[in-house]
Amino acid sequence: MSKKKNIVVVGYPKSGTTWLTRLTAELVQCPVEGFWGEPEHEEPAIEGQNRVSQYRCYKAHHDLSDLRSASKKSIDEILYIVRDPRDVVVSGRDYFDPPRFHWFEEYVVRKIFRRIPGLEKLYDRVFHSQDYRTRRMVNAVLYGQSHFDWCKIPWATHVRQYMNSEALVVRYEDLLETPRRECERILDHLECERSDEHIHQSILNQSIDKKKKELKEKGEEVKLSVMNKGGGERWKHEMDSRYADRVLEENKKPMKIVGYVKSR
């Protein structure tokens with residue numbers, strides 16, 4: 001029996017890691033086994049357990065050193081998805097909502113305030129406003145923040161590690177705009193041949209809109225919750241310019257390398 005090849009798809013949180021993991025597994029017709037190094041983790045990306053393949057696909061958010069030590073299993077291929085950090089902020093702001101006053105919120109707001117109609121929502125509107133959550137997510141992206149799941153190191157540090165590794169780097173925006181070309185790059189990297197029809201169907205099956213509809217119909221709210229609105233350059237319409245400018249100013253060099261800053 002031949003040894004299974006492990007493909008690990010990595011990305012900074014809210015960069016499209018779940019999408020690329022599912023798409024890669026669909027392309028090579030293998031199961032998404034789960035979250036790398038955490039077999040007990042209820043990973044929303046898991047699917048395709050009935051697929052038979054020489055590959056197995058895993059999702060990860062680890063930094064590079066932790067990735068290599070997180071499991072005793074060998075890593076045969078690494079795919080890395082990168083997204084404009086300004087859109088990471090927008091997506092993360094909508095997804096992450098860590099406690100602001102830990103003890104008070106855990107024991108008072110979530111247990112007592114919710115008994116009074118409208119009081120918990122009023123508290124959240126005042127103390128967990130969109131501006132507050134944006135500021136927290138900007139700090140996580142720029143400096144790392146342990147309160148945001150897997151954002152322990154800055155976006156730029158995370159990206160640089162994988163840009164300087166053997167990983168195939170895929171831009172989220174390119175996957176949106178030219179999915180076929182990116183799928184062909186992935187298959188070439190994996191030295192795996194698939195028909196034009198299979199590639200087309202894989203892209204269709206894993207399109208964000210279709211996947212959301214499918215999960216909604218199945219009532220899989222947990223899996224649906226990790227999928228954001230999708231789309232590129234959301235930050236232009238959904239992010240205050242002072243925050244966007246701050247992210248750009250402190251990340252200009254790595255953003256230019258990845259192609260998010262135009263060369264003059």
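A salt bridge is taken here as a side-chain nitrogen of Lys or Arg lying within 4 Å of a carboxyl oxygen of Asp or Glu. The close-up views below come from a predicted model, in which 21 such salt bridges are present.

**View 1. Glutamate 182 and arginine 181, a salt bridge between a buried and a partly exposed residue.** The side chains of glutamate 182 and arginine 181 are joined by a salt bridge, with an N to O distance of 3.5 Å. Because buried means under 20% relative accessible area, glutamate 182 falls into that class with a value of 2%, whereas arginine 181, at 47%, is partly exposed.

**View 2. Arginine 135 and aspartate 131, a salt bridge in helix H6.** Here the side chains of arginine 135 and aspartate 131 form a salt bridge, at 3.2 Å from N to O. Both residues belong to helix H6, which covers residues 130-143, and because they are four residues apart in that helix, about one helical turn separates them. Arginine 135 is partly exposed, its relative accessibility being 35%, and aspartate 131 is likewise counted as partly exposed, with 31%.

**View 3. Aspartate 240 and arginine 242, paired in a salt bridge.** In this pair, the closest N and O atoms of aspartate 240 and arginine 242 are 2.7 Å apart. Aspartate 240 has a relative accessible area of 35% and is partly exposed, and arginine 242, with a relative accessibility of 45%, is also counted as partly exposed.

**View 4. Arg22, Glu26, Glu47 and Arg51, one network of salt bridges.** These residues, Arg22, Glu26, Glu47 and Arg51, are joined into one network by salt bridges that share partners. As general background, side chains of opposite charge can pair when their charged atoms come close.

**View 5. Glutamine 29, a non-glycine residue with a positive phi.** Although glutamine 29 is not a glycine, its phi is positive, at about 60°. This residue is placed in the loop that runs between helix H1 (17-28) and strand S2 (32-35), and with a relative accessible area of 30% glutamine 29 is partly exposed.

**View 6. Glutamate 191, a loop residue with a positive phi.** Glutamate 191, which is not a glycine, has a positive phi of about 55°. The loop in which glutamate 191 lies is the one between helix H9 (179-189) and helix H10 (196-205). Since exposed means over 50% relative accessible area, glutamate 191, at 73%, is classed as exposed.

Notes
Residues are numbered from 1 along each chain as its sequence is written. This is a predicted model: local features need pLDDT of at least 70, side-chain atom pairs count only at pLDDT 80 or more; totals for chains, interfaces and linings use all residues. Side-chain values use heavy atoms; hydrogens and water are left out. Helices (H or I, at least four residues) and strands (E, at least two) are DSSP runs, numbered from the N terminus. Buried means under 20% relative accessible area, exposed over 50%, partly exposed in between (1.4 Å probe, protein chains only).
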